[in-house]
Amino acid sequence: MAAGNWYSQSGIGDANNASTARGIMAALTEASKNQEAAAHPVMQAMLARDAGVGQMLGAYGYGVSFADLGSGKLAAEIEGSEATPTNFSTTNVTVTPARRAFTREISDYARSLQESLLMGEIGPDVEVMLAYEGTRLWMNSLVDQIAALASSATNTIGSTGVPLTWSALNEGILDLKNRGAASGRAMALVTVKGAKDLADDALSLGGAVQMAPQIQGLLANATAGAYVASLGGVDVYLNSELDTDSGDDLGLLITDGAIISKHQQVVLPREADSLVQAGFYSMELRRPGGSVSRIETVAYNGVAIAENGRMAAIRYVS
Amino acid sequence: MPITPSGGPSLAGPSFARGNALSRAQLQLPGPRDPWTYCVSPTRLMCFDGEVLPELAKAWHTPGSNGNAGGRGQGQGFVSNLMGAGFTPVPHDIETTAFGASRAGAPLSAYLDRYEGISRGRPVVYHADAWHRPKQLGHLVSWEHDREGWKAFLRQCLALVSPDGLVDMQVEMAVAPVLRRIQAAQDRDDARGQRMLTALLSHLPPEHVPADLRDQVEPPKPARKRARKE
């Protein structure tokens, strides 16, 4: 007696749906290192001060005056005579926020991310990914803006045309301390070339330096993200936003108060289709000129060197 | 001096296509990079290929950066901040030579070029100094560097702030850090220390090379020819 087809004879081949199930994940990018830099206490303190200032209320910029206080000393004066007054002196720094934007077309996003799920509306998972991207875009820009300031730092660690050495960085930290700037946390951004220079140099040194715990931190750790080591109290991170200058890489060492930022929050009106209103940046959906829908990530911000003594460029051959 | 006169043409430079291989492939660039104005200081100096030359600072034209206003400007705020720190802006119409050719009449600046290409799949505009130019091989890009032209430009920049030559203090400011690095390299008794020493000595002006290292930089004396024995 015929038993008919085996039930196991057909399986996935009979499926009518030509599409496969699809998950969405954020692709690996070297820009992810910016998240760690942006999360460093030096950066967080800068942003906390930025937010603490609040809205600029119609002003085009935000300024800080640095008053020369506490640097003088009492001078010997003859009894009964008056001391000559010393004038106050101040240094003024102004940050003027400017608009930065990054735009996506929703249809392009849908094609790229939803493909088989395309139904005219963006799904909640894609919406979350858009918001996630907005945060990353803002952070990338902020770190890039700060890294660009290395070429105008008035203090330099290292020398042109030669690799970065442990002793050069060590001297730079001592110079920083000598300027009175070494209080609290410090962060250094270097390219992978700079980190390799440092590691090769320090790990090949003999004696106490080679065996010091902080030098052991230079032994590469694949689980530590972009963080390399804490050398002399300076947290060293790999970064890819750093500038180059005629054959040299320009890393950056900053301490608390070296750089100021100012973000101007643009409050979107009620009729705006706002995806994210995060203060430091916003994301707005709109259909300009009746065209396809776009999502625009926007930040109004600026950065400036507040006090050069609190920072240094790190120069070494590329 | 602004990069272009006010009311003049915008920063739009020449399109990248110039009839070479680059016109057939999209130029891969490191990422976006805004234009800048070089600024030179009489006290920010370095030793480079045996000369004391200025370490230039870049005053970016990026809106919102270090005092720049919000609109599209030409780095006036940034330049102003650097001038407050003793820097002098290098004019964009200074006479320069790069890769053996005069830069007179360069559309953007005597020392900057503008390139359009892509980076990570996205169109970008990248500015480079005139002494670096891209060379594309398939999908790879390498950057050629006119080192001698660059040094000539640095000498021009130095002349802007030290027209009568360098005083002793300036030379010492440039030389002292290199001498410290040399001492550190000498303290290491290994091949790495020797490599550092060689690299550092190549940048130090010969007259400042420590006496105990002169034999490392002086060219070897030609050996006398001996009469061949028959």
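Here are some short exercises on a predicted model of two protein chains, each with a worked solution.

**Exercise 1. Getting to know the two chains**

Find out how many helices and strands each chain has, and what share of each is buried.

*Solution.*
Step 1: Start with chain A, which has eight helices and 14 strands.
Step 2: Now look at its interior: of the 318 residues in chain A, 42% count as buried.
Step 3: Move to chain B, where there are five helices and 11 strands.
Step 4: Of the 230 residues in chain B, buried ones make up 44%.

**Exercise 2. Contacts and surface**

Work out what share of the contacts in each chain joins residues at least 24 apart, and what the surface is made of.

*Solution.*
Step 1: Take the contacts in chain A between residues at least 6 apart in sequence; 78% of them join residues at least 24 apart.
Step 2: Do the same for chain B, where residues 24 or more positions apart account for 58% of the contacts with a separation of 6 or more.
Step 3: Turn to the surface. Chain A exposes about 16900 Å², and 54% of that comes from carbon and sulfur atoms.
Step 4: For chain B the accessible surface is about 12400 Å², with 53% belonging to carbon and sulfur atoms.

**Exercise 3. How far to trust the model**

Decide which part of chain B should not be read in detail, using pLDDT.

*Solution.*
Step 1: Begin with the complex, to which the predictor gives an ipTM of 0.85 and a pTM of 0.87.
Step 2: Chain B averages a pLDDT of 86, and 83% of its residues score at least 70.
Step 3: Look for a weak stretch: over residues 5-23 of chain B, pLDDT stays under 50. For this stretch the model has 20 contacts beyond four places in sequence.
Step 4: Apply the general rule: where pLDDT is low, the predicted coordinates should not be read in detail.

**Exercise 4. Helix 5 of chain A and its two partners**

Describe how helix 5 of chain A is placed against helix 3 of chain B and against helix 6 of chain A.

*Solution.*
Step 1: Locate the pair that spans both chains: helix 5 of chain A covers residues 166-178, and helix 3 of chain B covers residues 168-186. Their axes come within 10 Å and cross at roughly 130 degrees.
Step 2: That angle makes helix 5 of chain A oblique to helix 3 of chain B. The crossing of these two helices is right-handed.
Step 3: See which residues meet: A:Ser167, A:Ala168 and A:Glu171 on one side, and B:Arg180, B:Arg181 and B:Ala184 on the other.
Step 4: Now take helix 6 of chain A, residues 192-203, whose axis comes within 8 Å of that of helix 5 of chain A, at a crossing angle of roughly 105 degrees.
Step 5: Angles of 65 to 115 degrees count as roughly perpendicular, so helix 5 and helix 6 of chain A are roughly perpendicular to each other.
Step 6: Here A:Trp166, A:Ser167 and A:Leu169 of helix 5 meet A:Leu198, A:Asp201 and A:Ala202 of helix 6.

**Exercise 5. A helix pair inside chain B**

Are helix 3 and helix 4 of chain B roughly parallel or roughly antiparallel?

*Solution.*
Step 1: Helix 4 of chain B runs over residues 191-203, and it packs with helix 3 of chain B at an angle of about 160 degrees, with the axes 8 Å apart.
Step 2: That makes the two helices roughly antiparallel, because the angle is over 145 degrees.
Step 3: Their crossing is left-handed.
Step 4: The residues that meet include B:Ile182 and B:Ala185 from helix 3, and B:Met196 and B:Leu197 from helix 4.

**Exercise 6. Buried or partly exposed?**

Classify A:Gln145 and A:Ser274, and list what they touch beyond four places in sequence.

*Solution.*
Step 1: A:Gln145 sits in helix 4 of chain A, residues 124-147.
Step 2: Its relative accessible area is 6%, so A:Gln145 is buried, the cut-off being under 20%.
Step 3: A:Gln145 touches A:Arg100, A:Asn301, A:Gly302 and A:Val303.
Step 4: A:Ser274 belongs to strand 11 of chain A, residues 273-277. With a relative accessible area of 32%, A:Ser274 is partly exposed.
Step 5: A:Ser274 touches A:Leu268 and A:Met283.

How values were computed. Residues numbered from 1 in each chain as written. Chains lettered and ligands numbered in written order. Predicted model: local features only at pLDDT ≥ 70, side-chain atom pairs only at ≥ 80, totals over all residues. Heavy atoms only, no water. Helix = DSSP H or I, 4+ residues; strand = E, 2+ residues; numbered from the N terminus. Buried < 20%, exposed > 50% of the residue type's maximum accessible area, 1.4 Å probe, protein only. Contact = heavy atoms within 4.5 Å. Areas by Shrake-Rupley, 256 points an atom, 1.4 Å probe, with all protein chains shown as cover. pLDDT = per-residue confidence, 0-100. Axes fitted to C-alpha atoms, helices over the stretch in contact; angles between N-to-C directions. Parallel < 35°, antiparallel > 145°, perpendicular 65-115°, else oblique. Left-handed = near helix turned anticlockwise from the far one by under 90°.
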